[in-house]
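Here is a short report on how the parts of one protein chain sit against each other. Have the sequence and the 3D view open as you read.

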Amino acid sequence: DPVVRRRVPRVLKAVPIQRAVDGLLAALRDERFDVRYRSAQALLRLRQQDRALSIPAPDGFSAALRELARAQPTSRGLDHVFGLLSLGLPGEPLPVALRAWRTGDASLRGTALEYLENVLPAGVSAALRPWLGAQPAASGRTLDQVRDDLLRSTASMNIGRRSSGGYRVRSVIRAPYPSSLLDDHPDHRPRGEGRAVDGVRR
């Protein structure tokens, strides 16, 4: 039952035990995007609750590769892919890189792309490239330098929606993950389960 499968991640994300993690990892292969999306969000939430839970990095990367091979690039799909990549690279500022890439600042986007090119496994980086654009020119910086530059450049920036539908810089990034990677995405809620609230998306 699709309705039941959509609701299971919401229940499991409140149960920080390994069996819940294992069930959610299996659900990343569900045929429905909304189930896979919610399962990834639940896994991110569980990791925040208990760092001792085992979420193998290869599982996150494999799930991301499956998503990248499934469909054409979309904003919602990109949110999901970055959530999966964050499972594979806990502690890395991948959501910050996604926010930076979504700005109109060419320098900031270039730093984000260079960071992703350096931090992700080669196969994942190659699969992600068609979704994000051309490979950045090498700047000669180390990964630590690129990461530091990315965090420094975005320290006082957050992306908000203009009334005209664009984006503007409006506040400091405080959360380690954007809300779109941690909460049920409004576009995938069954009808009657809540009002859509705009997250960071295009």
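## Pro121 and its surroundings

Pro121 lies in the loop that links H7 and H8. The model is a predicted one. Is Pro121 buried, exposed or partly exposed? Its relative accessible area is 30%, so Pro121 counts as partly exposed, since the partly exposed class lies between 20% and 50%. Along the chain, Pro121 and Gly88 are 33 residues apart. In space, their C-alpha atoms are separated by 10.0 Å.

## Leu120 and the nonpolar core

Now take Leu120. Neighbours within four places in sequence are set aside here. Leu120 is then in contact with Leu85, Leu89, Leu94, Ser125 and Leu128.

Leu120 also belongs to the largest nonpolar core, which has 42 residues. Which residues have the most contacts inside this core? They are Leu85, Leu94, Leu120 and Leu128. Many helices feed the core: H2 (18-27), H3 (33-49), H4, H5, H6, H7 (106-119), H8 and H9 each supply at least two of its residues.

## Helix H6

H6 covers residues 94-101. How much of H6 is buried? Eight of its eight residues are, so the helix is largely enclosed by the rest of the structure. The buried residues are Leu94, Pro95, Val96, Ala97, Leu98, Arg99, Ala100 and Trp101. Notice Leu94, which is also listed among the core residues with the most contacts.

## How H4 packs on H5

H4 spans residues 57-70, and H5 spans residues 75-88. The two helices pack at an angle of about 160°, and their axes are 7 Å apart. Angles over 145 degrees count as roughly antiparallel. H4 and H5 are therefore roughly antiparallel to each other. The crossing of H4 past H5 is left-handed.

Which residues make the contact? H4 brings Ala57, Gly60, Phe61, Ala63, Ala64, Glu67 and Leu68. H5 brings His80, Val81, Leu84, Leu85, Leu87 and Gly88. By type, the residues of this contact divide into nine nonpolar, three polar and one charged. Leu85 of H5 appears here, and Leu85 is also one of the core residues with the most contacts.

## Gln135 in a loop

Gln135 sits in the loop between H8 (122-132) and H9 (143-154). What does Gln135 touch, not counting residues up to four places away in sequence? It touches Glu117 and Arg129. Gln135 and Glu114 are 21 residues apart along the chain. Their C-alpha atoms are separated by 7.8 Å.

Key: Residues are numbered from 1 along each chain as its sequence is written. This is a predicted model: local features need pLDDT of at least 70, side-chain atom pairs count only at pLDDT 80 or more; totals for chains, interfaces and linings use all residues. Side-chain values use heavy atoms; hydrogens and water are left out. Axes are lines fitted to C-alpha atoms, for helices over the stretch in contact, and angles run from 0 to 180 degrees between N-to-C directions. Helices (H or I, at least four residues) and strands (E, at least two) are DSSP runs, numbered from the N terminus. Angles under 35 degrees count as roughly parallel, over 145 as roughly antiparallel, 65 to 115 as roughly perpendicular and the rest as oblique. A crossing is left-handed if the near helix is turned anticlockwise from the far one by less than a right angle, and right-handed if clockwise. Contact means heavy atoms within 4.5 Å. Ala, Val, Leu, Ile, Met, Phe, Trp, Tyr, Cys and Pro count as nonpolar, Asp, Glu, Lys and Arg as charged, and the others, Gly among them, as polar. Buried means under 20% relative accessible area, exposed over 50%, partly exposed in between (1.4 Å probe, protein chains only). A nonpolar core is a set of buried Ala, Val, Leu, Ile, Met, Phe, Trp, Tyr and Cys residues joined through side-chain atoms within 4.5 Å.
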